Amino acid sequence: MKDLTPAPNTLDPIEIASRDEIEALQLDRMKWSLAHAYENVPHYKAAFDAAGIHPDDLISLSDLAKFPFTTKQDLRANYPFGMFAVPRDQVKRIHASSGTTGQPTVVGYTENDLSHWGQVVARSLRAAGMTPGDLLHNAYGYGLFTGGLGIHLGADALELTTIPISGGMTPRQVRLIEDFKPKGITVTPSYALSILDEFTAQGLDPRASSLEVGIFGAEPWTNAMRREIEQAFDMHAVDIYGLSEVIGPGVSMECVETKDGLHIWEDHFFPEIIDPNTGEPVAEGEMGELVFTSLTKEAFPIIRYRTRDLTRLLPGTARTMRRMEKVTGRSDDMIILRGVNVFPTQIEECLMATHGLAPHFQIELSKPDRMDQMRVLCEANDQNTDRAHAAQALAAQIKQTIGITVTVDVADAGQVARSQGKAVRIVDRR
């Protein structure tokens with residue numbers, strides 16, 4: 001793999017500013033953001049008043065813990081535009097979640113919001129090793145989902161050449177990678193595996209492709225999957241994080257030179273880690289639920305938003321800004337199986353460590369009697385795999401690593417449902 005470390009003179013000054021400078025800027029912007037939300041969004045005024053707190057009570061950054069959380073339920077209760085802090089005609093773009101688990105959450109952007117979004121995504125793409133003039137294959141979905149258009153904003157801001165292919169049409173994805181020869185690809189990690197399968201189906205060597213870096217996000221993925229993808233494509237694989245409620249992709253980014261966690265762009269987003277059960281802040285460096293407060297958003301300020309993503313905060317390395325560890329899962333995706341907490345990423349780690357199995361899987365939960373049961377459906381990586389032995393090995397690996405007994409079925413290639421966006425890892429039939 002090529003060295004893609006960005007030149008120091010290309011970084012924004014704030015990326016390498018002192019912690020004192022960063023925290024002074026955060027405090028100034030946080031005061032503005034709290035006041036802006038309180039004065040312009042009825043939900044925040046009511047929530048702050050009910051908690052007996054006012055924006056003027058913020059004297060230090062630690063005072064933010066006195067303010068109430070915002071949850072996805074709050075956003076749904078104010079559907080569609082109740083959380084907007086500017087008149088509707090000042091909103092230049094609207095995005096929304098899919099609403100597959102309830103009422104969609106709707107977010108808006110002013111002209112300044114779009115500019116800031118483009119800046120943080122450009123910063124993220126540069127941290128991945130992309131430089132002006134490079135060709136980017138953007139396979140995130142375009143539309144109400146923030147992925148495709150958010151990446152496109154940043155690509156324009158960094159003066160990249162963008163191939164806006166979106167998701168789907170996997171054979172065409174591979175053909176355009178072969179024909180156009182992009183340096184980078186932005187895509188979900190699960191769909192990257194589908195693209196990898198298509199390279200093989202077309203008799204092409206992915207290691208011979210032009211791709212030098214893959215920028216993967218929108219779902220949790222493990223370092224084991226990183227190693228699989230990097231080896232298969234002979235390219236760097238780095239993590240990008242975001243969610244529509246906070247802005248979209250570009251909230252934090254892994255730097256290609258270190259790959260040691262995602263640097264949060266703290267001049268725009270203030271992070272906290274809380275105990276997901278009590279809501280109380282945890283000690284520095286401890287695992288917990290990630291909470292974000294926006295510092296510069298005009299149309300849709302977000303105050304102490306509970307992301308449900310589980311991670312921990314770490315000091316900066318390649319940048320001064322703090323890092324978040326790779327998200328290991330979501331508190332609302334956690335499976336409790338016979339008293340044991342299980343995350344899909346743990347199953348993925350076990351799968352990647354088992355010889356003879358491809359990196360595609362789905363978890364099925366059932367309750368045929370009074371006990372919950374878990375079935376892991378996966379695939380053999382070639383026709384010569386001893387499926388019974390591989391199934392036994394994976395079940396043993398899961399039992400040893402996680403401490404639960406599961407049924408494993410090893411199917412033919414292509415039998416696990418593929419996703420062209422976020423992977424559906426859990427099917428609950430209980």
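1. Strand β8, residues 248-254, is mostly covered in this predicted model. Of its 7 residues, 7 are buried. β8 pairs with β7 (residues 236-243) in the antiparallel sense, over 4 bridges. The two strands form a hairpin, with 4 residues between them. In this pairing I240 stands opposite M253 of β8.

2. β8 also pairs with β9, residues 262-264. The sense is antiparallel and there are 3 bridges. M253 turns up again here: H263 in β9 stands opposite M253. M253 is thus a useful residue to pick out when viewing β8, with I240 of β7 opposite M253 and H263 of β9 opposite M253 as well.

3. Next, an open sheet. Its 4 strands run in the order β10-β11-β12-β15, with antiparallel pairing. β10 (269-274) and β15 (329-330) stand at the edges; each has a single partner strand, so one side of each is left without a neighbour in the sheet. For β15, look at the pairing with β12 (residues 305-311), which is antiparallel and spans 2 bridges. There D309 stands opposite R330 of β15.

4. Helix α1 (residues 19-40) and helix α2 (residues 42-51) cross at roughly 105°, and their axes come within 5 Å. That angle makes α1 roughly perpendicular to α2. By class, their contact has 6 nonpolar, 1 polar and 2 charged residues. From α1 come L34, A37, Y38 and N40; from α2 come P42, Y44, K45, F48 and D49.

5. Helix α6 covers residues 170-180, and its buried residues are T170, Q173, V174, L176, I177 and E178. In an α-helix, residues three or four places apart point the same way, because there are 3.6 residues a turn. The buried residues of α6 pack against two strands and a helix: β3 (135-138), β5 (184-187) and α7 (189-201). Just after α6, K181 takes a positive phi of about 60°.

6. How are α6 and α7 set against each other, and at what angle? They pack at about 75°, with their axes 9 Å apart. α6 is therefore roughly perpendicular to α7. The contact of α6 with α7 has 6 nonpolar, 3 polar and 2 charged residues by class. On the α6 side the residues are T170, P171, Q173, V174, I177 and E178. They meet Y191, S194, I195, E198 and F199 in α7. Buried residues of α6, including E178, appear in the list above, and E178 is also among the residues that meet α7.

7. Last, the cysteines. A disulfide is a covalent bond between the sulfur atoms of two cysteines. The structure holds 0 disulfides. C350 is in none; the nearest cysteine sulfur, that of C378, is 11 Å away. Seen from C378, the closest cysteine sulfur is that of C350, and 11 Å is too far for a bond. Are these two residues buried or exposed? C350 counts as buried because its relative accessibility is 1%. C378 has 0% relative accessibility, so C378 counts as buried too. The cut-off behind both calls is under 20% relative accessible area.

Notes:
Residues numbered from 1 in each chain as written. Predicted model: local features only at pLDDT ≥ 70, side-chain atom pairs only at ≥ 80, totals over all residues. Heavy atoms only, no water. Buried < 20%, exposed > 50% of the residue type's maximum accessible area, 1.4 Å probe, protein only. Contact = heavy atoms within 4.5 Å. Axes fitted to C-alpha atoms, helices over the stretch in contact; angles between N-to-C directions. Parallel < 35°, antiparallel > 145°, perpendicular 65-115°, else oblique. Nonpolar A, V, L, I, M, F, W, Y, C, P; charged D, E, K, R; others polar. Pairing = 2+ DSSP bridges. Disulfide = S-S within 2.5 Å.
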